[in-house]
Amino acid sequence: MNNLSTSKPLSYWSAFKSIFIREIKLAWQKPTQLVQPVVFFLIVVTLFPLGISPAPKTLQMIGPGVIWIAAILAIMLVVERLFRQDYQEGTIEAWLLSTVPMSLLVGAKLLAAWFISCSVLVLITPVLALLMNIETHVIPALMLSLLVGTPILLFVGAIGNALTVGLNQGGVLLSLLVLPLYIPVLIFATSLIEAATLNMSYTGQMSILISMLLVSCFFAPVAIAAALKNTVN
Amino acid sequence: MLEVQGLTCFRQNRCLFAGLNFVLSEHQICQIEGPNGAGKSTLLRAILGLFRADEGQIIWSGKSTTQQAELFLQQVFFLGHKFAINSDLTPWQNLEFWSALNPTQNDDFASALTKVGLTGLEHIPCHSLSAGQHRRVALARLWLTNTKLWVLDEPFTAIDKSGVQLLQQRFNSHLTSGGMILLTSHQDLSQEFAQLHTIKLTDNTGEII
Amino acid sequence: MWKWLHPYAKAETTYKLCYRLLPYFSWLAVITLVSGSIWGLFYAPSDYQQGDSFRIIYFHVPTAIWSMGAYTSMAICGLIGIVWQIRNAELAVYAIAPVGAAFTFLALISGAIWGKPMWGAWWVWDARLTSELILLFLYLGVIALYNSFEDKRTAARASSILAIVGVINVPIIHYSVEWWNTLHQGASITKLDKPSISPDMLWPLLLNISGFLFVLAALVCLRLANQILINDARRPWVKAMVSEKTNKAEQSKNKATLADKE
């Protein structure tokens, strides 16, 4: 019955797929976690007209920045619990002991997390753009900037979560680590939208954002793998 | 063959053990004993590379495990204090997920779950299972894995008598087919396994009896 | 190629090296800083536009330069520690972080003081000052992360990883802030456009720049030695050293009492 030499071959692709599917299944079972960041995103944006001024001109001026800052805060919520359950239940340990490279597994998890929590943020922005009185021709640029920008935020934030997941303290430390790293994304994304508002070409900002996305795709899983390995120690 | 050479581990500036040496070869089972906090779990984790040892090395079939991490991990099964069972997924889904990341001899989850007495519970979320049943889901992997070295941290806790017997049977069949087992336990196992080696961890160095 | 680093992987060697280097760095720092500051503050000619208020560059520029330099060297230490598994390099990360943060803070304060007569406000969202402020946040992150862990070995490694991630971001942040600045204010206010600075002003500046480097080095040596000692407090070599020192102290005490008796 027990033959120690034969084994079913392990493929990286099937490991990647299984993590991705697992994340989707888990999200399906706990839809509240899926909805919470979106509602938060909406509420934060709503606060600004109430706190500053509902004058259309003002809203138009601060709109892109407000939506982006709200998106950053919403992603902080996503990022904060990204690896927590996996760490507490020992799944991270199991990943480290698997022969599949840790950064690949982390990559699968991040990709799934983007689809589960961030894609909804991108999809809901047209509604927010209307609330903030942003002109309709700017909306595609706004959505594009979030489409490229949110994965960067997620990946960089995940590094922070991987570093702090073993600690009992929650979001404050994480924000201190992660928010300064978000500044370039915020600057380029809002400047992209500003260019779009003025009917100018925004390929420059877009290509900078895309290259930041590529760099974070490449480095973040490696850094996260190292951080998780350290935390499990 | 697993060889531990001069292993020294500190945790938070406290020396758990220093210069620990032992050898575990095929068909052998080794129990690590010691009071709470003596570093039993740390020793297991250091062997697997989950804990960074201060000194010493682990040799697996003639080569250091740090030089051939992938080859070594392919032949190791680990069950720790946390058993990597997601409480929102069903036992079946958990095994499915685990088998995608670990070398298995077959993917016969049904019979593995039957073996550990979880028939009928395959498709309900793990959070509605009891602590013992939770543990049995993790132990079901022992009937799927085809690794050579089993490293088990307290495998008998929260398991009833019949379950313990079942596990011991599985251990014996693994040992006869050339496997090796390294485990920590507070139970006396010398009755069940004739060839039991023990390592006692005290305040400073491990002694081999 | 990296063989020469290996002896310093041993805690004891690094500890002794730190204490051997410390007096050199300290004296060099005192000499260069005293001469540079006196020269710069009293003898260098005053600026034709800013008068005497420009003299704060003798503190602002060196601290600003080494706040960046300290971050880079911190990240390099972190990288060495992680790639070659050298624990002392990881400890050096936390040895550098608070010193670097202090330099950044000094640069910010001196920048604000300089800004008051120049711009009429203590704080202006100038590109350099803004990047310096973000750099301070990055330092605070490293320090906070280190202090959150009970196990200092995990702490040192976590802050090393953060330092490396941060250093990849530092140029991006710098560039983005500059972009943002030109976008919003025009390039009207930049402080040190090009170093078209007269040699009489430059020499004391260079002296102070090297002086602050020596201060940084001395403080880091001192902190690293302490970190190593705290980390290894229960290891044999520290115990041996402590008992040796107490023996010596006792011997000298005995000698003193003998001399008294005679």
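Here are some short exercises on the structure above, each with a worked solution.

Before you start, note that this is a predicted model, in which local features need pLDDT of at least 70, side-chain atom pairs count only at pLDDT 80 or more, and totals for chains, interfaces and linings use all residues. Residues are numbered from 1 along each chain as its sequence is written, while chains are lettered from A and ligands numbered from 1 in the order in which they are written.

**Exercise 1. Confidence**

Find the average pLDDT of chain C, and look up the ipTM of the complex.

Step 1: pLDDT is the predictor's confidence in each residue, from 0 to 100. Chain C averages 83, and 90% of its residues score at least 70.
Step 2: Now look at residues 186–192 of chain C, where the pLDDT is below 50. Beyond near neighbours in sequence, this stretch has 4 contacts in the model. Two residues are in contact if their C-beta atoms, placed from the backbone, lie within 7 Å.
Step 3: For the complex, the predictor gives an ipTM of 0.89 and a pTM of 0.88.

**Exercise 2. The make-up of chain C**

Describe chain C by its helices and strands, its domains and its buried residues.

Step 1: Helices (H or I, at least four residues) and strands (E, at least two) are DSSP runs, numbered from the N terminus. Chain C has 7 helices and 0 strands, giving the pattern α-α-α-α-α-α-α along the sequence.
Step 2: Domain bounds come from an automatic or database domain assignment. In chain C, domain 1 covers 8–191 + 198–231 and domain 2 covers 235–262. Taken over C-alpha atoms, the centres of these two domains are 40 Å apart.
Step 3: The C-alpha trace of chain C spans about 75 × 50 × 35 Å along its principal axes.
Step 4: A residue is buried if 20 or more other C-beta atoms lie within 10 Å of its own, exposed if 12 or fewer, and partly exposed in between, with C-beta atoms placed from the backbone. Of the 262 residues in chain C, 41% are buried.

**Exercise 3. Two residues of chain B**

Decide for B:His174 and for B:Gly62: buried or exposed?

Step 1: Locate B:His174, which sits in helix α6 of chain B. B:His174 has 23 other C-beta atoms within 10 Å, so this residue is buried.
Step 2: Locate B:Gly62, in the loop between β4 (55–60) and β5 (63–64) of chain B. B:Gly62 has 8 other C-beta atoms within 10 Å, so this residue is exposed.
Step 3: Try a distance for each. The C-alpha atoms of B:His174 and B:Ile47 are 20 Å apart, with their positions 127 residues apart along the chain. B:Gly62 and B:Lys82 are 20 residues apart in sequence, and their C-alpha atoms are 30 Å apart.

**Exercise 4. Where the chains meet**

Work out how many residues each chain gives to the contact of chains A and C, and to that of chains A and B.

Step 1: Chain A gives 21 residues and chain C gives 24. On the side of chain A, α7 (139–164), α8 and α9 (203–232) each supply at least two residues. Helix α8(A) gives the most, with 10 residues.
Step 2: For the other pair, 34 residues of chain B touch 27 residues of chain A. The elements of chain B that give two or more residues are α2 (69–74), β6 (76–79), α3 (91–101) and α6 (161–176). The largest share, 4 residues, comes from α3(B).

**Exercise 5. Helix packing**

Find the angle and the distance between the axes for α8(A) and α4(C), then for α7(A) and α9(A).

Step 1: Axes are lines fitted to C-alpha atoms, for helices over the stretch in contact, and angles run from 0 to 180 degrees between N-to-C directions. Angles under 35 degrees count as roughly parallel, over 145 as roughly antiparallel, 65 to 115 as roughly perpendicular and the rest as oblique.
Step 2: Helix α8 (residues 171–197) of chain A packs against helix α4 (residues 127–148) of chain C at about 150°, with the axes 9 Å apart. The two helices are therefore roughly antiparallel. Among the residues in this contact are A:Leu176 and A:Pro180 of α8(A), and C:Phe137 and C:Gly141 of α4(C).
Step 3: The angle between α7(A) and α9(A) is about 20°, and their axes are 8 Å apart. These helices are therefore roughly parallel. Their contact includes A:Phe155 of α7(A) and A:Cys217 of α9(A).
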